[in-house]
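Hi everyone, thanks for squeezing me in. I'd like to walk you through one model today, so let me put it up on the screen.

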Amino acid sequence: MIKTENMSKLYVTEEVETTALNNVNIQIEAGEFVSIMGPSGCGKSTLLNILGLLDNPNSGKYHFLDNEVSGYSERQRATLRKENIGFVFQSFNLIDELTVFENVELPLLYLKFTSSERKKRVHEVLEKMNIMHRVSHFPQQLSGGQQQRVAVARAIVSDPKIIFADEPTGNLDSSHGDEVMNMLTSLNKAGTTIVMVTHSPTYAEYGNRIIHLFDGHVVTENMKEEFHV
Amino acid sequence: MWINYIKTALRNLSRNKTYALINFFGLAISICAVILIMLYVRFEFNYDDFHQNEIYRLSVKSFQENAESYNSPVFIPAIGPDLKNELPEIKNYTRISTKRTEYFYNKKDPVRVDDLIYADSTFFEIFSFKLISGNSQTALTAPYSIILTEETALKIFGETDVTGRSVNMNLKDNFIVTGIVENPPPNSTVQFNALISFETLYKEPNNYMGWFGGNQYITYLQLEENVTRETAQAKFPDFLWEKINKRLVDYNVRYEVYLTDLPSVYLSETSYTNIYIFTGIAILILLIASINFINLTTAHYTRRAKEVGIRKVIGADRKTLVIQFLSETIVISFISLLLGVALAALLAPYYENIIQKQVYLNILFDSYVLSGLFVLFFVVGVIAGSYPAFYLSSFQASKAFKPETVKNIGSFSLQNSLIIAQFTISISLIITTFVINDQLDFILNKELGYDKDKIIILSLENESSRIQTELIKETLLTVPGVQSASASTNLPGDGFSMNGYRLQEETTSRLINIVEIDDDYLKTLDIELISGRNYNDQFESDKSAYLVNKTFIETFGLTDPIGKIVHRNGEHKIIGVVEDFHFAPLHEKVKPLILGNNPHLGGFNFIALKVTTENYSDLLKRIEAEWKNLNPSWPFEYNFLDKKFEQVYKSEEKFMELFFYFASLAILIASLGLFSLTSLIAEQRTKEIGIRKVLGAGVFNLTTLLSRKFLILVLAANIIAWPVAYLFVQNWLEDFAYRISLDLKPFAAAAFIALLIAIVSVSYRTIKAALLNPLKSLKYE
């Protein structure tokens, strides 16, 4: 599903040149749950951004769903993204001006679903995330755990093939963190590929593979158990 | 999707009320100003558009020794009929006289009617004025026929159903009312309160109706179909040669006539300057408000970078985002447009009062104006939305979340340039306002060469009063408080008429201004005699003598003027020279002037009284009592010389007033923009302020830090505004023959005011931010 070949990313500012990723070669198969770990500044988020088609690498190749996308334009990436990818962030990133329903509905709007289809899907996914009772609330009126459940609902409402989660538990206490991890696990069980960046070794264990990054390099890949596609 | 956009937009606005209010308010009042100015311009451009026919007005240029000396629509009466008779290109003509003021007697008291004109029987064939009763074909055919406007009929008769009734004019002739006409619309060049048949003029023995005199009539023509103005005009030189020019060769005088189509008559006479200036101001106001809109929207959208990021991550591409942001600004612009239209409708009556014109608010709703407004708001919306829309949507989704990306937008150079542009406009407007005001002050207080204060002017409206001026003067001088009295054909202020005169050695005559005065004129108006002597009523020979002004002797190079001869219907000896005084408006330099002592036919037109008191009401009662004692049928009409003088500059004063209002508006919108921009920026820098405070920065220190940039921008704006404003006001002042010399004062004052405005707008928010508990500022992030 995902394959990178010698992928590198450089950040250039006026004074310094920072290598965020250096010859990264990874492969992720459909149905996997991959955790990415590493210290602050090792390039985890950069890797996730590139894998999630939010950014382009400077060199190397990136195959996403059999497309070589490293040279894709913003527009091409946006099209692939909205059809195949869901995101969950540490800081939830809900739009403050929109209600729970409207936030979750947003990806469907961009995918041009009909109004009745949108309503049906949003209700289904909110039921699934157990947040239906907050449907017309605004994000500020929700607890962190509730906000993250909304964010997950938004990520899965369009039925993406893969979900990228950037420290989804980082702003949550442990019980809410566990809740989110259980959700991701059950999504994975239902067939959705999940790539998650985390600091927490405990939550990293929820994945069936852990990729360790250090200074822009992949240092180890531990396969937790035999994985069959 | 649109619902989602609108929801997001409205919720965003309601969360940022100051931003929303300033945007709406600024745009709405600027749109209101633009609408009001548009209405004014449209009114000016739609003069005479109600006439059905294509009408041309005949104008005449006279050349003396090949220099143009006269250009006016007022010409002799014979040209209209002769043109029609001799040139097949001319389909029809109608003549009107210059305006008269006459008195009508229905019952006992005279009723004054101004703007009375004599008009040919073809008047209603050519013009589209609406006759309410009477026959448009015949109403002006017979002599001593009169058509009244409804208003005039009400004034004279107390009712409008008066067709067929008789009315006396000036206690002399009786007229038959042959029709009632609607009042001419305000946008008509031809204005009148009553029309008298042109035939009447031929019945008066003193009227000259041929080719060599009677310069009192304006001729309007209609051309045959398929005849262009140019083909008709091409025939005029030969025609004129036969009729008049060949007989003037010896005098070195030549006439040319040309046609002006009626709709451009008004605009060719009123200078385009005011239209240009106000259109310019409208554009500037709109520009300032749009700049606010752009700056505020951009600064405000930096807060929405997170939203952009989220939308991008979720699947929005750049186009969708651009559409979203543009539609938001267009919605704001549209709401402002509605507010602006409402505001304009509300203010229209006050505005009409200021510009002294009817603006026809209903034209706002004609399809032409509506579509113009629609385009306007769309353009403003798109311009204001474009920058933030394209800028924000260009963020990479992954970067949009990062606070440092967001911060960068607040300090980009476009914002600075826009602020400089705004303040350049504001400062230029302040400078211009000062200069216009100074110039007006200068004119109104200029040494005029005569004393306009405490002078009461009485009009001699009646023939019997005009020939008894000596008796009137003697009688009025007995009224306590009346110091001196003088009779004359005119008083200084709005200019004197001209006649042809020939100096002793010269062979050709020149047009020179003339006023007929009595021997008390110089004393009453305090005009200085610089050589020779004043008239003396005891000397019969003084009746044919002349006084002249200083410019007269300078212009004609008379080193020893006393005793020199001027020819016009005989010889006139110059007996004295007076100091120059401004008998005409100060737009022009003082011209040569003859002060004669022998009023034509009907005698003097005015009595001027120099009085010792300013308690006019009592004095006027006493004067009126004496006046009515002399003859109760004489209308008692008075004016004040200083009022008459101010009247001359009324249009300049109105211009100043209007300019002041619109300039203040522009400045207000600019300072509001600066105020809210600093609010947004202070808010963006809350964390920085907090950190600086924790590290020991004081309020003064922080305020300076936050304001410095804006003060530098305002100073930069001054540097650009000064030369721009200088060129503009210098150009405007050129129209005045007497004008102030520009000094540094208005420029320095404008700079000071602009800085003050900037400091006040900036410091409120920055001081507030600086006073905030640093813990709160830090928590904010």
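Let's warm up with a quick one: is B:E159 buried, partly exposed or exposed? It is partly exposed, with a relative accessible area of 33%; on this scale buried means under 20% relative accessible area, exposed over 50%, and partly exposed in between, using a 1.4 Å probe and protein chains only. Its partner is B:R165, and the closest N and O atoms of that salt bridge are 2.7 Å apart. By salt bridge I mean a side-chain nitrogen of Lys or Arg within 4 Å of a carboxyl oxygen of Asp or Glu. B:R165 is partly exposed too, at 33%.

Before going on, the small print. This is a predicted model, so local features need pLDDT of at least 70 and side-chain atom pairs count only at pLDDT 80 or more, while totals for chains, interfaces and linings use all residues. Residues are numbered from 1 along each chain as its sequence is written, chains are lettered from A and ligands numbered from 1 in the order in which they are written, and side-chain values use heavy atoms, with hydrogens and water left out.

Okay, more salt bridges. The count over all chains comes to 29. Take B:R95 and B:D120, with N and O atoms 2.7 Å apart at the closest. B:R95 sits in strand 4 of chain B and B:D120 in the loop between strand 6 and helix 4 (123-126), so this pair ties together parts that are 25 residues apart in sequence. Helices (H or I, at least four residues) and strands (E, at least two) are DSSP runs, by the way, numbered from the N terminus. Both ends are tucked away: B:R95 is buried at 3%, and B:D120 is buried at 7%.

Over in chain A, A:R121 bridges to A:E117, at 3.6 Å. Why are those two about one helical turn apart? Because they are 4 residues apart in helix 4 (residues 115-128) of chain A. An α-helix has 3.6 residues a turn, so residues three or four places apart point the same way. A:E117 is partly exposed, at 25% relative accessibility.

Now the domains of chain B. The assignment, which comes from an automatic or database source, gives domain 1 (66-251) and domain 2 (455-646). Contact, meaning heavy atoms within 4.5 Å, takes 11 residues from domain 1 and 9 from domain 2. Together they bury about 870 Å², 52% of it on carbon and sulfur atoms; buried area is the accessible area (1.4 Å probe) that two parts lose on being put together, summed over both. B:Y103, B:R112 and B:Y251 supply 41% of what domain 1 buries against domain 2, more than any other three residues.

The rule finds 1 salt bridge across that interface. B:E637 pairs with B:R112 there, N to O at 3.1 Å. On the domain 1 side, strand 2 (67-72), strand 5 (100-105) and strand 6 (110-119) each supply at least two residues, and the largest share, 3 residues, comes from strand 5.

Staying with B:E637, what does B:S459 touch, leaving aside its neighbours within four places in sequence? B:S459 is in contact with B:N605, B:F606, B:W627, B:P635 and B:E637. B:S459 belongs to strand 14 (residues 455-459) and counts as buried, at 11% relative accessibility.

Last stop, the two chains together. Here 23 residues of chain B are in contact with 24 residues of chain A. The pair buries about 2,400 Å², 55% of it on carbon and sulfur atoms. B:R11, B:V313 and B:I314 supply 25% of chain B's part, more than any other three residues.

How many salt bridges are there between chain B and chain A? The count is 2. A:E102 and B:K7 meet in a salt bridge at 2.5 Å, N to O. On chain B's side, helix 1 (2-15), helix 10 (305-314), helix 11 (318-355) and helix 13 (397-400) each supply at least two residues. Helix 10 gives the largest share, 7 residues.

That's my tour; over to you for questions.
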